[in-house]
Amino acid sequence: MKLSFNDMLYAFSYALDCVEHEMLGVTTHHGKRVAYLCLLMGKHLELSKEQLMDLAACAVLHDNALTEYIQAEYLKGVNICEEKEFYNAGAHCALGEENMKYLSLCKEAKNAILYHHENADGSGPFGKLSEETPLFAQLIHMADRIDVNWDLSFASEGKYEKLLEFIAENKNIMFSEQCVEIFKEAISYDDMLVLSSESLKEVLAASLDNTERNYSEKELENFGELFANIIDYKSKFTRNHSLGIAEKAVRMSKYYGYDTMETAQMFLAGAVHDIGKLVVDKDILEKPDRLTEQEYKHIQNHAYYTYEILRKVRGLEDITKWASFHHEKLNGKGYPFGKTGDELGFNERLMACLDIYQALTEERPYKKGLSHEKSIGILRKLAADGGLDRGIVEDLEKVYGNC
């Protein structure tokens, strides 16, 4: 299956930026700014096309484990969002590096996430000196620290001059001498203005050659596992929801006799169907009380955000529909688009049934999972009311009834 790798990264970077903004207060488009700075420095170093693409991937995904780390700390009784003094940079770096195993990247990308918070003088979380830290990690560290400390969402000549002074003052302390020189030579004030531009995404996409290539079934599944981890850890209520649907999508695909590629595509669709929830406020996702009408509409928007995020990836057109229409109903009473049965293909109908079945049967902190029999009973009622595909509901009974 042909996909654009950088389309995929930059689309998902929007969702990751929303998480960082909500949980740590980082300004929006942080990931894109870090990636653009890294690309400028990488081009100055005359990195190959493959190396530049993988550097950009690591830069965009440098905080991919933030939700996973925050939930792990929450289970220990620490709310990092409110008690930032307990923030452990090394812990989320280690988790993030582990997640990167799902992507096939060049050898220079190894440990780029793990060591992206290391300081040149060895005062980082793992105590690595600059000569012990991979170049990709050093570049990402520099771009990340500069954007966090200086908020490059807006620029001025005065800010640029002070930034250069800050970098020089931190040579061999925060940043290696090599990185300081690379930054000074590779990044001008005009480049800083680009970072504050509303068209940063387009500029960033144009900074790399077309990265469309064919992905195997296994690579699609790897993409799915990586992003499902990011999505499900947004809330303690849904830690296994996306992967649960992805796995059930595979089982039902095999039941229907899909080939291996369409089965892998269904896995990816299930894994990313809730990526729009990364844009939804965590307090609303986890509100223990009844939602207000406005809060309920805000949560409903997640399906629209899923559509908006995925539709920007060339090659993902079918998967976008399967994933983002999972709350549509055959009778037109679903959301976000009010599609009717005539507008919903079989895989969209299947994903809608799987989403409800998974939500009913999975355990969450506030409820036990329902039995298969009770869940199928609810799905049959929804089908009788014109919302779900009756045939698919009965197929779920056949496949999972003897489990």
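Is Asn172 buried, partly exposed or exposed? At 42% relative accessibility, Asn172 counts as partly exposed. The points below concern a predicted model.

1. **Asn172 and its backbone.** Asn172 sits in the loop that runs between helix 7 and helix 8. Its phi is near 65 degrees, a positive value in a residue other than glycine. As background, most residues other than glycine have a negative phi, and most peptide bonds are trans. The two helices on either side of this loop come up again in points 3, 4 and 6.

2. **Glu46, another positive phi.** Glu46 is not a glycine, yet its phi is positive, at about 60 degrees. The residue belongs to the loop between helix 2 (30–44) and helix 3 (49–60). With 71% relative accessibility, Glu46 counts as exposed, whereas Asn172 is partly exposed.

3. **Lys159, a buried charge.** Lys159 is part of helix 7, which spans residues 157–169. This lysine is buried but has no salt bridge. Asp151 is the nearest side chain of opposite charge, and it lies 5.3 Å away. A salt bridge requires a nitrogen–oxygen separation within 4 Å, so the Asp151 distance of 5.3 Å does not qualify. What the side chain of Lys159 does reach is backbone oxygen: that of Trp150 at 2.9 Å and that of Phe154 at 3.0 Å. Leaving aside residues up to four places away in sequence, Lys159 touches Trp150, Asp151 and Phe154. Trp150 and Phe154 thus appear both as contacts and as the residues whose backbone oxygens are reached.

4. **Val180, on the other side of the loop.** Val180 lies in helix 8, residues 177–186. The residue is buried, with a relative accessible area of 2%. Excluding residues up to four places away in sequence, Val180 touches Met142, Ile167, Lys171 and Phe175. The C-alpha atoms of Val180 and Ala168 are separated by 6.8 Å, and the two residues are 12 residues apart along the chain.

5. **Thr133, buried in a loop.** Thr133 is found between helix 5 (89–99) and helix 6 (135–150), in the connecting loop. Its relative accessible area is 7%, and Thr133 is therefore buried. The residues touched by Thr133, not counting those up to four places away in sequence, are Tyr115, Glu118, Lys128 and Gln138.

6. **Salt bridges.** In general, side chains of opposite charge can pair when their charged atoms come close. The structure holds 13 salt bridges, and three examples are described here.
   - Glu108 pairs with Lys107, the closest N and O atoms being 3.2 Å apart. Glu108 is partly exposed at a relative accessible area of 26%, while Lys107 is exposed at 70%.
   - Lys184 pairs with Glu181, with the closest N and O atoms 3.8 Å apart. Both residues are in helix 8; being 3 residues apart, they are separated by about one helical turn. Lys184 is partly exposed at 46% relative accessibility, and Glu181 is partly exposed at 29%.
   - Arg380 pairs with Glu394, the closest N and O atoms being 2.9 Å apart. Arg380 lies in helix 18 (residues 372–384) and Glu394 in helix 19 (residues 390–400), so this pair ties together parts that are 14 residues apart in sequence. Arg380 has a relative accessible area of 38% and is partly exposed; Glu394, with 28%, is also partly exposed.

7. **Packing of helix 11 and helix 13.** Two packed helices are described by the angle between their axes and the distance between the axes. Helix 11 (residues 217–232) and helix 13 (residues 260–272) pack at an angle of about 10 degrees, and their axes are 8 Å apart. The two helices are therefore roughly parallel to each other. On the helix 11 side, the residues making the contact include Leu220, Phe223, Gly224, Phe227 and Ile231. Helix 13 contributes, among others, Met261, Ala264, Phe267, Leu268 and Val272. Charged residues also take part, including Glu217, Glu221 and Glu225 of helix 11.

8. **A cis peptide bond.** The peptide bond leading from Tyr335 to Pro336 is cis, with omega near 10 degrees. Pro336 is located in the loop between helix 16 (317–324) and helix 17 (346–361).

Notes
Residues numbered from 1 in each chain as written. Predicted model: local features only at pLDDT ≥ 70, side-chain atom pairs only at ≥ 80, totals over all residues. Heavy atoms only, no water. Buried < 20%, exposed > 50% of the residue type's maximum accessible area, 1.4 Å probe, protein only. Polar contact = N/O pair within 3.5 Å; in protein donor to acceptor, adjacent residues only side chain to side chain. Contact = heavy atoms within 4.5 Å. Axes fitted to C-alpha atoms, helices over the stretch in contact; angles between N-to-C directions. Parallel < 35°, antiparallel > 145°, perpendicular 65-115°, else oblique.
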